[in-house]
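Reader: I have just opened this one and would like a friendly walk through it. Could we go place by place?

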Amino acid sequence: MLFQLGAELSWLFAAMLLVLRLDAKPAAEQPDVVLIAFCFAVLIICLNGAFGLYRRGAKLSVGAYMTRMLLAPAIGIPLIYVGVQFLPLQVPLIDRWIYAILLALFGLLLVRHAVVLPLVGALLPHRVLVLGTGPEARLVEVSLTTTNPLGMRLVGFYALEKTQEAVVTPGRIIAKGTALEETVRQLGIDEIVVAVRQQRGGVLPLRDLLECRLNGVQVTDLARYFERVHGQVPIESLKISWLIYGHGFRQSTLRAIVKRCFDLVVSAALIVVSFPIVLVAMLMIAGEGGGPVIYRQQRVGHRGRTFTVLKLRSMSQDAEKDGRAAWAVQNDSRVTRVGRLIRRARIDELPQLLNVLKGEMSFVGPRPERPEFVAMLAEQIPFYSVRHSVKPGLTGWAQVRYSYGATVEQSIRKLEYDLYYVKNHTLLLDIVILLETVRVVLLGEGAR
């Protein structure tokens, strides 16, 4: 991934210099132009990331892929142009937008598909051997074959003597008879993924695994594999010892101060910027059916404490006339015409910026659920309450990586992403989530 980002960043930087015709003067004599070119390259990389072009396992159609490739330069070029106006620099950038867009688009396609991907696959292969042939090993097989992580190659499955019947592809099972350490050496394995649920009773060849580890081979359990490759923690493979002894789950005072300052700055700025949009939306809601335009609802927050969340009303006033809480579903008949519009653009969530200012929510974190749903899900899903160890958020890792959850099964999948955030939350991850939120809002992903 770093190799890909470096190659694309270098191309964009060089392409922008070409657009600005640096050949007329040495770069050293035009420091402002060099700065513009560098800012342009970084901005396009960030926008590409926001639109999901660096996501592992993101399977996009050709049309969706090209749309997202075009969105980054289409947004980045105007932003750079506006920024240039504040610099004492005479560069007719507006006359060269078309050149910059073409170079950014076709150059990135060329660099990514003709240079980066072939080189990584040929020169930097990461050969993976899966220990086990049962259901957990099948999860890894599906993961590697469907998402095809950059540079990772599934070499095969090493069958264990005390495991259940094999459910992986038979042709990928390594023939028995050779010790694990010798197999790893012969096949040039870089990583062993231990995909076995029951690891006691002499199931695992611990001595061989230790020798492989001492010889520099990476040994990874199932939870850490999915965490690294997919940004999620699978509930099926999760053990309480992983939560107790695993790295992460940072709750330091410094982190809390940084996060609170981040929340205050971002939410205050967005309240000012979004006020006209919220005002127009409120007038539209009032004009469509009258009644209250702000909807108040109890949600479960940090450490299980309840608070009142604020939203623009997007459903009819009698949406829950029977008094029973119900998840929103696709094409929900309770959503009004204006409500459908503001939900698609996530405008209905903007009043929650006040919850962020009050400290009841954070800007980034797991989405808060209603007490009725929390009580039900906590009974059916292991470790569900772990998501309440941090403040709920206006947006979150699960929101940008998974669609809306309206069933217990979907809630499990969302919890796997929430657990990843709780374990790994940092300011950098918050910024990544904010960038990906741009994609979710612009493309209307997951709205109901």
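Reader: Where is Phe383 found?
Author: Keep in mind as we begin that this is a predicted model. Helix 13 spans 371–380 and strand 9 spans 393–395, and Phe383 belongs to the stretch that connects them. That places Phe383 in the loop between helix 13 and strand 9.

Reader: What is the phi of Phe383?
Author: Most residues other than glycine have a negative phi. Phe383 is not a glycine, yet its phi is positive, at about 65°.

Reader: Is Phe383 buried, partly exposed or exposed?
Author: Buried would need under 20% relative accessible area, and exposed would need over 50%. Phe383 has 22%, so it counts as partly exposed.

Reader: And Arg303, is it buried or exposed?
Author: Arg303 sits in the loop between strand 6 (294–300) and strand 7 (306–312). Its phi is positive too, near 60°, in a residue other than glycine. The cut-off for exposed is over 50%, and Arg303 has a relative accessibility of 62%, so it counts as exposed.

Reader: Which elements do the buried residues of helix 5 pack against?
Author: Helix 5 has several buried residues, among them Glu136, Ala137, Val140 and Leu144. An α-helix has 3.6 residues a turn, so residues three or four places apart point the same way. The buried residues of helix 5 pack against strand 1 (126–131), strand 2 (152–158), strand 4 (191–194) and helix 8 (222–230).

Reader: How far apart are the end C-alpha atoms of helix 5?
Author: Helix 5 covers residues 135–147, which makes 13 residues. At 1.5 Å a residue, the expected span is 18 Å. The model agrees with that, because the end C-alpha atoms are 18 Å apart.

Reader: Which residue follows helix 5?
Author: Just past the end of helix 5 comes a residue with a positive phi, near 50°. That residue is Asn148.

Reader: How many of the residues of helix 15 are buried?
Author: Helix 15 runs over residues 408–424, and its end C-alpha atoms are 24 Å apart, in agreement with the expected span of 24 Å. The rest of the structure largely encloses helix 15, because the buried residues number 14 of the 17.

Reader: What is the relative accessible area of Ala37?
Author: Ala37 lies in helix 2, residues 31–50. Its C-alpha atom is 8.2 Å from that of Ala15, which is 22 residues away along the chain. Ala37 counts as buried, because its relative accessible area is 0%.

Reader: What kind of aromatic pair do Tyr225 and Phe226 form?
Author: The structure holds three aromatic pairs. In the one formed by Tyr225 and Phe226, the ring centres lie 5.2 Å apart and the planes meet at 85°. Both of these residues are buried. With planes over 60 degrees apart counting as edge-to-face, the pair of Tyr225 and Phe226 is edge-to-face.

Reader: How many residues in the lining of the largest cavity are charged?
Author: A search of the whole structure turns up one cavity of 30 Å³ or more, and the largest cavity holds about 30 Å³ of space. Its lining includes Val300, Pro366, Arg367, His388 and Arg387. The lining divides into five nonpolar residues, one polar and, to finish, charged residues numbering two.

Reader: What share of the residues of the protein counts as buried?
Author: The protein has 16 helices and nine strands. Among contacts with a separation of 6 or more, 75% come from residues 24 or more positions apart. Of the 448 residues, the share that counts as buried is 46%.

Note on methods: Residues numbered from 1 in each chain as written. Predicted model: local features only at pLDDT ≥ 70, side-chain atom pairs only at ≥ 80, totals over all residues. Heavy atoms only, no water. 1 Å grid on protein atoms, 1.4 Å probe; cavity = no way out; pocket = protein on both sides within 12 Å on 5 of 7 lines; lining within 4 Å. Points joined across faces, edges and corners; volume = space filled by probe spheres on them. Nonpolar A, V, L, I, M, F, W, Y, C, P; charged D, E, K, R; others polar. Helix = DSSP H or I, 4+ residues; strand = E, 2+ residues; numbered from the N terminus. Expected span 1.5 Å × (residues − 1). Buried < 20%, exposed > 50% of the residue type's maximum accessible area, 1.4 Å probe, protein only. Contact = heavy atoms within 4.5 Å. Phe/Tyr/Trp six-rings, centres within 6.5 Å; stacked < 30°, edge-to-face > 60°.
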